[in-house]
Amino acid sequence: MISVQNLSIHFGDRYLFNDVSFLIRPEDKIGLVGRNGSGKTTLLKILAGIYTENQKSIHKPTGLKIGYLPQEIIYIQPNSIIQEVMSSHKEIQKLVVKIRETEHALAHAGEPAEHSVSSLPVEHAGKSVTLELFSEHSAVLNHLYEELRLIDGHLIKEKTEKILTGLGFERNDFDNDVSQLSGGWQMRVELAKILLQNPDLMMLDEPTNHLDMDSLLWLENFLSSYKGCLILVSHDRVFMNNLCNRIFDLQSGNLRDFKSNYLGYEALKQQQQEHLLAVQSNQLKEIEHNKKFIERFRYKASKAKQVQSRIKMIDKIELVIPEEEDLSKIRITFPNAPRTGVDVFKAENISKAYNQKEVFREQSFSIYRGDRIAFVGRNGEGKSTLSRILAGTEPYQGKLTTGYNVQIGYFAQHNFATLNPAHTVLETIESNITAGNPVVPRKLLGAFLFSGDTVYKKVSVLSGGEKTRLSMAKLLLEPVNVLILDEPTHHLDLITKDILKKSLMEFSGTLVLVSHDREFLSGLVNQVYEFKNKKIHQFPYDIEEYLSRKKMESLAELNSIKKSKAKEGLKIKEPANPNIKEKERQADKEKKQHEHRRKQLEEKISSLEKEKSECESKLSDPVVYNDKDGFHTILDRYNRVMKELEEMYKKWEAYM
């Protein structure tokens with residue numbers, strides 16, 4: 001499909017890509033991974049043809065349709081949301097224009113022609129021209145309608161509405177001006193345009209950044225049935241693992257190709273890292289042994305040849321340097337804080353509205369010491385609003401009681417906007433340290449991966465991820481026993497996200513998290529608050545259990561709706577004769593068979609989901625991981641289960 005040969009890009013003496021070659025096949029679902037600055041976005045732009053300097057290394061078939069979603073916000077001209085999305089399908093739009101022109105011409109076929117008709121008999125001239133034009137336009141129109149039907153052009157509005165609804169838009173929003181949307185919602189519009197186009201190659205750069213949990217799950221399901229080639233950049237491990245069958249790892253100018261899902265890639269990469277560390281350790285031991293020999297016998301003439309031989313041996317050793325820096329020992333330690341009382345927050349009939357827009361109404365709940373809660377739900381349902389209310393920065397109606405000795409650390413979703421762009425990283429921390437605070441600024445910054453000269457970088461030149469890290473570092477300057485974090489993983493790479501998660505696992509206080517990152521929330525929270533329809537629904541279990549139950553409830557809801565519609569339909573229609581009754585009996589029989597098969601599929605899906613969870617649990621067990629044979633056996637079983645699960649879901653969808 002696409003061949004890349006000997007791609008090289010360098011900035012000064014640093015290679016972003018050094019003689020990189022690879023082949024992309026039509027059925028590939030590729031996850032592109034690497035540290036910030038490794039070239040992921042650059043590679044996507046080269047493949048999309050946006051960067052034209054290196055196109056000699058890229059070989060693409062003529063007519064290849066490419067859809068590319070960039071990470072940065074795109075300015076969109078004024079247009080309604082639904083028209084903006086539908087206009088992206090150029091092929092359909094061209095056909096629609098031609099059809100309208102032909103319909104107009106057909107409607108005016110009976111009008112006098114401007115050209116001369118003197119060559120025709122006077123009494124038949126107008127009639128003959130009219131029939132000829134009518135026949136010609138009718139044939140063209142029929143051909144255009146057939147072309148439109150072949151590419152499902154007659155379904156474009158229905159498909160557009162389905163995609164927009166899946167991405168979180170309400171139907172009454174479809175006619176709103178897209179240019180007035182926030183950057184996050186404009187990115188959803190851009191994503192909808194690409195999904196509607198159904199290109200041969202789809203490249204998505206961080207598509208989940210602006211999605212809530214429901215929209216993320218919908219997108220994952222949509223992409224799982226996408227037939228084309230997918231190249232994906234994402235910091236969501238679960239999203240990438242569920243979609244990808246191949247991983248490109250960009251590092252130090254090289255591209256390593258792993259033919260596996262993300263979970264398998266991590267295991268293989270860990271094995272390679274351990275092998276390199278073992279080789280390096282043996283090399284260092286050999287060097288140290290030879291150095292001791294040299295020091296011991298350097299001045300003995302009888303050992304001169306052996307000493308020189310050992311020196312040459314050391315010179316010949318090409319020391320293996322593991323590509324990955326070992327960050328496993330880095331810990332973010334929260335300062336000790338006094339213990340809170342048992343009751344941390346008690347809300348009684350809390351309500352919030354912005355002008356005429358009601359967010360939630362008369363909600364009551366209690367948060368106790370040690371609770372670890374995830375706030376989930378669609379955007380605009382009030383997750384960030386309640387976070388601000390709990391943090392004391394947002395007015396509300398009702399009663400909220402804060403418990404004894406509560407000291408809150410609050411991280412807002414756009415917290416880095418409060419950073420002074422003129423300050424350096426080090427100055428930002430130093431200027432916020434109060435008298436008597438024992439925090440060592442450089443040590444704290446080192447825990448957030450700021451070291452060496454990077455502490456002297458101005459805030460104005462930091463990336464989004466670096467600003468997020470710096471904002472998180474500020475939280476640790478004062479002792480807190482309650483953390484309220486609103487989307488803390490936005491812009492963070494996987495390594496930083498892992499470090500943050502480990503530190504939060506060790507945090508002994510009360511934790512409230514707003515996040516749509518399933519892997520980040522996994523093992524970190526023990527309760528879920530779902531924001532939906534102006535209410536806050538409390539679930540006393542972890543995120544995996546919540547998502548599992550939510551999926552099954554969705555199936556039950558769909559079935560209930562279908563049964564209800566079927567019953568309504570039977571009440572309305574009265575059979576007019578025995579033939580109709582027989583047909584209805586046959587239809588009822590087929591319906592029961594259909595229902596039986598669907599239930600069998602749902603039971604099989606439930607069983608496979610359970611088996612999948614068991615495999616994931618075992619794969620994350622260090623004991624299993626150290627057993628290489630056992631690990632690979634479970635990994636193979638996991639991959640088989642995922643493949644079978646995908647097939648079962650496709651079959652189940654056909655019965656819905």
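# Notebook: a predicted model, looked up residue by residue

**Entry 1, Thr385.** I began with Thr385 and found that its place is in helix 11, which runs over residues 383-391. I noted at once that I am working with a predicted model, and I keep that in mind for every entry here. I then asked whether Thr385 is buried or exposed. With a relative accessibility of 8%, Thr385 counts as buried, because buried means under 20%. Leaving aside residues up to four places away in sequence, I listed what Thr385 touches, and the names are Lys352, Tyr354, Phe360 and Glu394. With Tyr354 there is also a polar contact, which joins the side chains of the two residues at 3.4 Å.

**Entry 2, confidence and overall make-up.** Before going further I checked how confident the predictor is, and I found an average pLDDT of 81 for the protein, with 84% of the residues scoring at least 70. Over residues 114-127, however, the pLDDT is below 50, and I found six contacts in the model for this stretch beyond near neighbours in sequence. Residues 568-578 also have a pLDDT below 50, and that stretch has three contacts in the model beyond near neighbours in sequence. For the secondary structure I wrote down 20 helices and 18 strands. Of the 656 residues in the protein, 43% are buried. I also looked at contacts between residues at least 6 apart in sequence, and 69% of them join residues at least 24 apart.

**Entry 3, helix 1.** How many of the nine residues of helix 1 are buried? I found that seven of them are, so helix 1 (residues 40-48) is largely enclosed by the rest of the structure. The buried ones are Lys40, Thr42, Leu43, Leu44, Lys45, Ile46 and Leu47, and I note that this list holds the lysines Lys40 and Lys45 alongside leucines such as Leu43. Just after the helix I came to Gly49, which follows helix 1 and has a positive phi, near 85°.

**Entry 4, salt bridges.** I searched the whole structure for salt bridges and the search finds 29; I looked into three pairs.

The pair I took up to begin with was Arg25 and Glu27, whose side chains meet in a salt bridge at 3.9 Å, N to O. Arg25 has a relative accessible area of 32% and is partly exposed, while Glu27, at 46% relative accessibility, also counts as partly exposed.

I then turned to Lys501 and Glu519, which form a salt bridge with the closest N and O atoms 4.0 Å apart. This pair links distant parts of the chain, since Lys501 is in helix 15 (residues 494-506) and Glu519 is in helix 16 (residues 518-521), 18 residues apart. Both Lys501 and Glu519 are buried.

Last I looked at Glu545 and Arg549, where the closest N and O atoms of the salt bridge are 2.6 Å apart. Both residues lie in helix 17 (residues 543-572), four residues apart, which is about one turn of the helix. Glu545 counts as partly exposed at 32% relative accessibility, and Arg549 counts as partly exposed at 39%. I also asked which residues are joined into one network by salt bridges that share partners. The network holds Arg237, Glu266, Lys497, Asp498, Lys501, Asp517 and Glu519, so the Lys501 and Glu519 of the pair above are among its members.

**Entry 5, the cavity.** Rolling a probe the size of a water molecule over the atoms shows where empty space is left. In the whole structure the search finds one cavity of 30 Å³ or more, and about 120 Å³ of space lies in the largest cavity. I counted 15 lining residues for it, of which Asn209, His235, Thr489, His516 and Asp517 lie nearest its centre. Asp517 I had already met, as it is one of the residues in the salt-bridge network.

**Entry 6, Leu462.** I closed with a loop residue, Leu462, which is found between helix 13 (441-447) and helix 14 (464-475). Although Leu462 sits in a loop, it is buried, with a relative accessible area of 6%. Not counting residues up to four places away in sequence, Leu462 touches Val425, Lys457, Lys467 and Leu470. I also looked up its distance to Thr424, which is 38 residues away along the chain, and the C-alpha atoms of the two are separated by 9.7 Å.

How values were computed: Residues are numbered from 1 along each chain as its sequence is written. This is a predicted model: local features need pLDDT of at least 70, side-chain atom pairs count only at pLDDT 80 or more; totals for chains, interfaces and linings use all residues. Side-chain values use heavy atoms; hydrogens and water are left out. Helices (H or I, at least four residues) and strands (E, at least two) are DSSP runs, numbered from the N terminus. Buried means under 20% relative accessible area, exposed over 50%, partly exposed in between (1.4 Å probe, protein chains only). A polar contact is a pair of N or O atoms within 3.5 Å; within protein, one must be able to donate a hydrogen and the other to accept it, and residues adjacent in sequence count only if both atoms are side-chain atoms. Contact means heavy atoms within 4.5 Å. pLDDT is the predictor's confidence in each residue, from 0 to 100. On a 1 Å grid over the protein atoms alone, a cavity is a set of points where a 1.4 Å probe fits but cannot get out, and a pocket is an open set with protein on both sides within 12 Å along at least five of seven lines; lining residues have an atom within 4 Å of a point. Grid points are joined across faces, edges and corners, and a volume is the space filled by probe spheres set on the points.
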